[in-house]
Amino acid sequence: MSGRKYSRSPYVKIVVMRFAPRAWRLRSAAAIAVLGLSSLAAGAWYSSAQQAAAPAGNPCAVNNGGCAAGVTCQEGPAAGAWRCGDSCPPGFSGTPQTGCVDINECTVNNGGCHKLSACRNTPGSRTCSSCPPDFAGDGYVGCFDVNECPAGDCSDRIPAGAEKATPPTVTTSGDVTVTATSEAGAAATFTASAKDNIDGTRQAYCLPRSGAMFPIGKTTVNCWAINSVGKIGRTTLTVTVNRPQF
Ligand SMILES: [Ca+2]
């Protein structure tokens, strides 16, 4: 490419603008203003006599030719002329006149990514993360559970000693008796803990949970804990809610 093809004088720009559609002229004028400011900001590139002229080269290379973000800037048809595209590119909403705004595809249906994949918005598109560990496929096509137990035999995955292991011992704070605070009953609180021969202290869980509303009468609360070889220990407690005495 010769330097001559890309050289531009203010005269060429004026001629091009005169025959251009009005919107085009406005955009070109804005681009010239930007290019002019760029030249002043980078004054070292030019002598003071040249500062009013745009830098030589591809006019789209500076500030996308003054076109809105995401809009195609195209050189030509005349040497030194350029134009902005008529519509926003795929993945953008709006118009070149009002500005092109990236569409956040992730807000609808996870951007088409599989539900186990993270959708990340990008300018003009989106990406889908890879699948979680132990899943085959990818976020675009889908994530598929891998069968880690071929032929249904997972016996080699059972931890050593699991057969003879004992379940955790679950201990609670004991039965609770409370007085109803309304027709709905009353809240009751209790605690539960678990000890295990293999794992030591384990988390214990209860349902209904401590702090829940219990109806008038007796309710059995189930508490349990599980150890690392899958043995479950259980116990219960009773919550009694009495009617208020008057
Ligand atoms: Ca996007």
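Two strands are said to pair if DSSP finds at least two bridges between them. Helices (H or I, at least four residues) and strands (E, at least two) are themselves DSSP runs, numbered from the N terminus. The model in the viewer is predicted: local features need pLDDT of at least 70, side-chain atom pairs count only at pLDDT 80 or more, and totals for chains, interfaces and linings use all residues. Residues are numbered from 1 along each chain as its sequence is written.

**Whole chain**

Display the protein chain in full, with its three helices and 17 strands. Of its 246 residues, 22% are buried; a residue is buried if 20 or more other C-beta atoms lie within 10 Å of its own, exposed if 12 or fewer, and partly exposed in between, with C-beta atoms placed from the backbone. Two residues are in contact if their C-beta atoms, likewise placed from the backbone, lie within 7 Å. Among contacts between residues at least 6 apart in sequence, 43% join residues at least 24 apart.

**The four-stranded sheet**

Select strands 10, 17, 16 and 14, which form an open sheet in the order 10-17-16-14 with mixed pairing. Strand 10 and strand 14 are the edge strands, each pairing on one side only. Neighbouring strands of this sheet are turned by 25 degrees against each other on average, direction ignored; axes are lines fitted to C-alpha atoms, for helices over the stretch in contact, and angles run from 0 to 180 degrees between N-to-C directions.

Begin with strand 10 (residues 176-179), which pairs with strand 17 (residues 232-242) in the parallel sense over four bridges. Here Val 176 stands opposite Val 239 of strand 17.

Next, select strand 16 (residues 217-226), which runs antiparallel to strand 17 and is joined to it by ten bridges. Two positions can be labelled: Asn 222 stands opposite Thr 236, and Cys 223 has Thr 235 as its bridge partner. Strands 16 and 17 form a hairpin with five residues between them, and in the turn Gly 230 has a positive phi of about 85 degrees.

**The three-stranded sheet**

Move to strands 9, 12 and 13, an open antiparallel sheet in the order 9-12-13. Strand 9 (169-172) and strand 13 (200-202) stand at the edges with a single partner strand each, so one side of each is left without a neighbour in the sheet. From one strand to the next, the twist averages 30 degrees. Strand 12 (residues 192-196) is joined to strand 13 by three bridges, and Asp 196 stands opposite Gly 200 of strand 13.

**Backbone exceptions in the loops**

Most residues other than glycine have a negative phi, and most peptide bonds are trans. The next selections depart from this pattern.

- Select Gly 76 and Pro 77: the peptide bond from Gly 76 to Pro 77 is cis, with omega near 0 degrees. Pro 77 lies in the loop between strand 1 (73-75) and strand 2 (82-84).
- Select Leu 207 and Pro 208: the peptide bond between them is also cis, with omega near -5 degrees. Pro 208 is in the loop between strand 14 (205-207) and strand 15 (213-214).
- Select Asn 63, which has a positive phi of about 55 degrees although it is not a glycine. Asn 63 sits in the loop between helix 3 (22-41) and strand 1, and counts as partly exposed, with 15 C-beta neighbours inside 10 Å.
- Select Asn 109, not a glycine, yet with a positive phi of about 55 degrees. Asn 109 is in the loop between strand 4 (99-102) and strand 5 (119-122), and is exposed, with 10 other C-beta atoms within 10 Å.
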